[in-house]
Amino acid sequence: MAYSCEVCGETFTSKSNFVTHEKCHRNERNYVCEICKKSFIVKKHLNVHHLIHSQEKPHVCVICNNAFSQKNHLTNHYRVHTKEKPYSCDVCGKAFSQNNTLTNHYRIHTKERLFSCDMCGKAFSRKSFLTVHYRVHTKERPHSCDVCGIAFAHKNNLNRHYLIHTKDKPHSCDVCGKAYSRKCNLNRHYLTHTKEKPHSCEVCDKAYSRKSHLNRHYLTHTKDKY
C-alpha cells in the first residue's frame with residue numbers, strides 16, 4: 001500500500017515514514033533538547049544533536065584519525081582525502097566537495113546578500129563574512145600571535161604575520177629566484193622584469209610600476225610636499 005502526501009504529492013511505502021513526513025509540513029517538533037531547548041521533528045535527529053553537548057565523537061576517520069559527532073560530517077571529511085567534488089555549479093562549472101559550499105558559491109552569480117550588518121547596513125553573501133565584518137565595529141581581535149602578542153581581526157592576517165618570525169619566504173620569482181613572504185610583494189616584483197607600469201598619472205600620463213610611486217608623483221602637480 002502506498003501513502004501519498006496531500007500537500008506535496010510525495011509517496012511512501014512505509015506508514016511511519018509517511019507520518020514523519022507529514023510533520024514536516026505542520027512543522028511539528030515534539031522532540032526537545034533539555035539542555036538548549038532546540039526542537040526536532042524526528043527523535044533520531046535529537047539523539048544526534050545530543051552529541052554536540054556530550055562532546056562525543058564516535059565517527060573516526062581511518063586515514064587521519066580525525067573524529068566527528070555525526071556520520072555525514074565524516075563522509076564530507078573523507079573528500080579531503082579523496083579530492084572528490086560531486087557538487088558542481090551549472091553556471092560556471094566549478095566543483096565543490098560539499099553542497100552547502102556550492103550553495104554559498106551560487107550567490108557569486110546571483111549577487112544575493114542575505115546577511116546584513118545592523119550597525120552600518122552593509123550586506124554579505126555568507127554569515128561568516130558578516131561575523132568577521134562586525135569586528136570593524138567592535139574592534140575585536142581574537143587572533144593573537146603567541147610569539148609577540150600582537151592581535152588581528154582576521155586569521156589570515158595572523159598567518160601572514162607569523163612569517164615575520166619564521167623568516168619563511170614561500171613565494172619565489174621564477175625569473176631571478178628572489179623570494180618573498182607575501183604573494184602580493186612577489187607580484188609587484190615581477191613588474192621589474194616585465195617593465196609593466198600599470199599606474200599612470202591622470203595629469204601628465206607618466207606611468208609607474210607601484211601605486212605609492214604614483215601618489216608621490218602627484219605631489220609634483222599639487223605642490224603639496226608635506
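How far apart do the end C-alpha atoms of residues 87–114 lie, and how much of the span is helix and how much strand? The ends are 22 Å apart, with 43% helix and 14% strand in between. Keep in mind through all the views below that this is a predicted model.

**View 1. The repeats and the domains, as the records give them.** UniProt, in an unreviewed entry, puts the feature "domain: C2H2-type" at residues 3–30, 31–58, 59–86, 87–114, 115–142, 143–170, 171–198 and 199–226. The domain assignment cuts the protein up another way, into domain 1 (3–54), domain 2 (57–140) and domain 3 (143–194). Between the C-alpha centres of domain 1 and domain 3 there are 50 Å. One of the UniProt spans, residues 143–170, is 43% helix and 14% strand, and its end C-alpha atoms sit 22 Å apart.

**View 2. Helix 2 and what covers its buried residues.** Helix 2 takes in residues 43–54, so to speak a run of 12, and reaches 17 Å from its first C-alpha to its last. That is close to the 16 Å expected at 1.5 Å a residue. Which of its residues are buried? They are Leu 46, His 49 and Leu 51. Their cover includes strand 3 (31–32) and strand 4 (39–40). Just past the end of helix 2 comes Gln 55, with a positive phi of about 65°.

**View 3. Helix 4 and its strands.** Move along to residues 99–110 and you are looking at helix 4, with 12 residues and a reach of 17 Å from first C-alpha to last. Here, too, the value is close to the expected 16 Å. The buried residues are Leu 102, His 105 and Arg 107. They pack against strand 7 (87–88), strand 8 (95–96) and strand 9 (115–116). Lys 111 follows helix 4, and its phi is positive, near 65°.

**View 4. Ser 88, looking out from strand 7.** Ser 88 lies in strand 7. Its relative accessibility is 42%, so Ser 88 counts as partly exposed. Leaving aside residues up to four places away in sequence, Ser 88 touches Gly 93, Lys 94, Ala 95, Leu 102 and Tyr 106. Leu 102 is one of the buried residues of helix 4. His 105, another buried residue of helix 4, is 17 residues from Ser 88 in sequence and 9.9 Å from it in space, C-alpha to C-alpha.

**View 5. A salt bridge between Glu 84 and Arg 79.** How many salt bridges does a search of the whole structure find? The search finds 1. The side chains of Glu 84 and Arg 79 meet in it, at 3.8 Å from N to O. Are the two partners buried or exposed? Arg 79 has a relative accessible area of 13% and is therefore buried. Glu 84 is partly exposed, because its relative accessible area is 41%.

**View 6. Arg 135, buried without a salt bridge.** Arg 135 belongs to helix 5 (residues 127–138). Arg 135 is buried yet has no salt bridge. Its nearest side chain of opposite charge is Glu 140, 4.1 Å away, and a salt bridge has to be within 4 Å, so this pair does not count. The two do touch, though: not counting residues up to four places away in sequence, Arg 135 is in contact with Glu 140, Pro 142, His 143 and Ala 153.

**View 7. Lys 167 and Asp 205, two loop residues with positive phi.** Lys 167 is in the loop between helix 6 (155–166) and strand 13. Although Lys 167 is not a glycine, its phi is positive, at about 60°. With a relative accessible area of 65%, Lys 167 is exposed. Asp 205 is found in the loop between strand 15 (199–200) and strand 16 (207–208). Its phi is near 70°, again a positive value in a residue other than glycine. Asp 205 counts as exposed because its relative accessibility is 60%.

**View 8. Asp 174, out in a loop.** Asp 174 is part of the loop between strand 13 (171–172) and strand 14 (179–180). Is Asp 174 buried or exposed? Its relative accessible area is 65%, so Asp 174 is exposed. Tyr 190 is 16 residues from Asp 174 in sequence, and the two C-alpha atoms are 9.3 Å apart in space.

Conventions: Residues numbered from 1 in each chain as written. Predicted model: local features only at pLDDT ≥ 70, side-chain atom pairs only at ≥ 80, totals over all residues. Heavy atoms only, no water. Helix = DSSP H or I, 4+ residues; strand = E, 2+ residues; numbered from the N terminus. Buried < 20%, exposed > 50% of the residue type's maximum accessible area, 1.4 Å probe, protein only. Lys, Arg positive; Asp, Glu negative; His and termini not counted. Contact = heavy atoms within 4.5 Å. Domains from an automatic or database assignment. UniProt positions renumbered as here; feature names shortened; annotations may be inferred. Expected span 1.5 Å × (residues − 1).
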